[in-house]
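I set out to record what I looked up in this structure, entry by entry. The topics are a pocket, a bound ligand and a metal site.

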Amino acid sequence: MAEVKTDMSELFDKAFNSGAAPVTYGQGDRLPRGDYAGAHTDYTCDQNWAAYDACDHELYRRLYERQAAQLPGLACDEFIDAVGHLGVPSRIPRFDELSDKLFRATQWEVVAVPGLIPEEAFFSLLSQRRFPVTGWIRKPEEFDYVVEPDVFHDLFGHVPLLFNPVFADYMQAYGAGGLKASQLGSCEHLARLYWYTVEFGLIRTDAGLRVYGAGILSSAGELRHSVTSALPQRLGFDLERIMRTRYKIDSYQSTYFVIESFQQLFGATAPDFTPLYERVAQLGELSAEDRFPNDRVF
Ligand code: PHE
Ligand code: CO
């Protein structure tokens with residue numbers, strides 16, 4: 001699940017009358033793919049597991065197989081150890097069964113949503129330890145790349161690390177922090193933290209750099225690229241710098257930020273961000289390519 005900015009117009013009236021307003025990336029005229037009219041006002045909906053057909057399950061299996069084969073030596077151990085909790089790779093998991101397991105481990109649940117949801121709804125669910133997972137799966141022709149997050153990205157990329165107690169607490173703190181950032185008008189700065197940690201984060205281990213970001217873990221090509229390519233820069237985690245750094249949504253990242261541990265991430269983000277938001281607004285933005293003398297380069 002990613003955070004989003006723009007709402008869409010055409011289905012609004014219908015959606016407001018029944019449930020939740022549809023949400024898409026950007027201004028485009030593309031209609032959202034999910035059934036927003038069937039969602040509750042908190043944007044959750046039924047997974048409707050029975051509606052997946054054999055092709056859907058087969059596509060999930062192929063996606064899972066391709067990513068699982070690449071994990072050793074690239075994904076962090078915490079992810080590899082937990083990915084089996086998703087259940088058999090041969091079919092799209094039932095969210096209710098997965099939630100039972102996850103709740104026993106870290107008191108988190110997964111809930112179905114029609115697709116992208118507004119920031120405040122997203123933050124609110126995270127703050128309640130409910131992780132929103134898109135119900136629909138991409139089409140076979142989108143095997144390598146899908147523009148919006150689908151059930152494979154949301155489940156395979158995000159859910160395994162919710163079994164890790166420290167990461168699980170970070171995600172809840174992020175949600176609560178998001179509700180506060182909304183009040184302060186600082187969502188854009190906070191979204192960069194999500195992007196450079198939850199979606200595209202790397203972690204340093206004794207065996208070398210490893211991936212913990214969901215956007216990389218669910219990507220066919222970026223998993224290897226992020227760890228081994230000489231092209232991108234890999235910089236030490238720096239909260240203020242991350243909040244200033246713009247990101248790419250349509251190509252591999254030019255910059256990755258590297259944490260030492262989930263504990264470091266949790267500790268560094270615990271203080272009140274209010275003064276930081278003010279400072280970051282003063283300092284201004286950086287491009288994803290900028291490099292500074294005091295950056296810690298890996
Ligand atoms: N400490 C942050 C704040 O005061 C909350 C937060 C925690 C945000 C963890 C993101 C991640 O806003
Ligand atoms: Co995501």
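**Entry 1: the largest pocket**

I note at the outset that the model is predicted. I began with the character of the residues that line the largest pocket: 14 are nonpolar, eight are polar and eight are charged. I then looked up the volume of this pocket, which is about 610 Å³. Its lining comprises 30 residues, and those closest to the centre are Tyr-145, Val-146, Val-147, Phe-200 and Gly-215.

I next asked which helices contribute to the lining of the largest pocket. At least two residues come from each of α2 (54–70), α6 (151–158) and α8 (187–199). I recorded α2 as the source of the largest share, with three residues.

**Entry 2: the cobalt ion**

I turned to ligand 2, a cobalt ion, and looked up its protein donors. These are His-153 and His-158, each through NE2, and Glu-199 through OE, at 2.0 to 2.1 Å from the ion. Along the chain, I found that the donors follow the spacing H-x4-H-x40-E. Two of them join distant parts of the chain: His-158 belongs to helix α6 and Glu-199 to helix α8, and 41 residues separate the pair.

**Entry 3: the surroundings of ligand 1**

I listed the residues around ligand 1; among them are Tyr-170, Ala-173, Tyr-174, Gly-177 and Lys-180. The list also includes Leu-190 and Leu-193, as well as Thr-269, Ala-270, Pro-271, Asp-272 and Phe-273. By character, I counted eight nonpolar, two polar and two charged residues in this shell.

Which helix supplies the largest share of the shell around ligand 1? I found that α7 does, with five residues. Both α7 (165–184) and α8 supply at least two residues of the shell.

**Entry 4: polar atoms and burial of ligand 1**

I then examined how ligand 1 meets polar backbone atoms of the protein. A nitrogen atom of the ligand lies 2.6 Å from such an atom of Pro-271, and a nitrogen atom of the ligand is 3.3 Å from one of Ala-270. For Phe-273, I noted a polar backbone atom 3.0 Å from an oxygen atom of the ligand. Is the area of ligand 1 mostly buried or exposed? Taken alone, ligand 1 exposes 330 Å², and the protein buries 93% of that.

Terms used. Residues are numbered from 1 along each chain as its sequence is written. Chains are lettered from A and ligands numbered from 1 in the order in which they are written. This is a predicted model: local features need pLDDT of at least 70, side-chain atom pairs count only at pLDDT 80 or more; totals for chains, interfaces and linings use all residues. Side-chain values use heavy atoms; hydrogens and water are left out. On a 1 Å grid over the protein atoms alone, a cavity is a set of points where a 1.4 Å probe fits but cannot get out, and a pocket is an open set with protein on both sides within 12 Å along at least five of seven lines; lining residues have an atom within 4 Å of a point. Grid points are joined across faces, edges and corners, and a volume is the space filled by probe spheres set on the points. Helices (H or I, at least four residues) and strands (E, at least two) are DSSP runs, numbered from the N terminus. Ala, Val, Leu, Ile, Met, Phe, Trp, Tyr, Cys and Pro count as nonpolar, Asp, Glu, Lys and Arg as charged, and the others, Gly among them, as polar. A residue is near a molecule or strand if one of its heavy atoms lies within 4 Å of it. A polar contact is a pair of N or O atoms within 3.5 Å; within protein, one must be able to donate a hydrogen and the other to accept it, and residues adjacent in sequence count only if both atoms are side-chain atoms. Accessible areas come from the Shrake-Rupley method with a 1.4 Å probe; for residues, only the protein chains shown count as cover. Donors are N, O and S atoms within 2.8 Å of the metal (3.2 Å for Na, K and Ca); water is not among the atoms, so sites may look incomplete.
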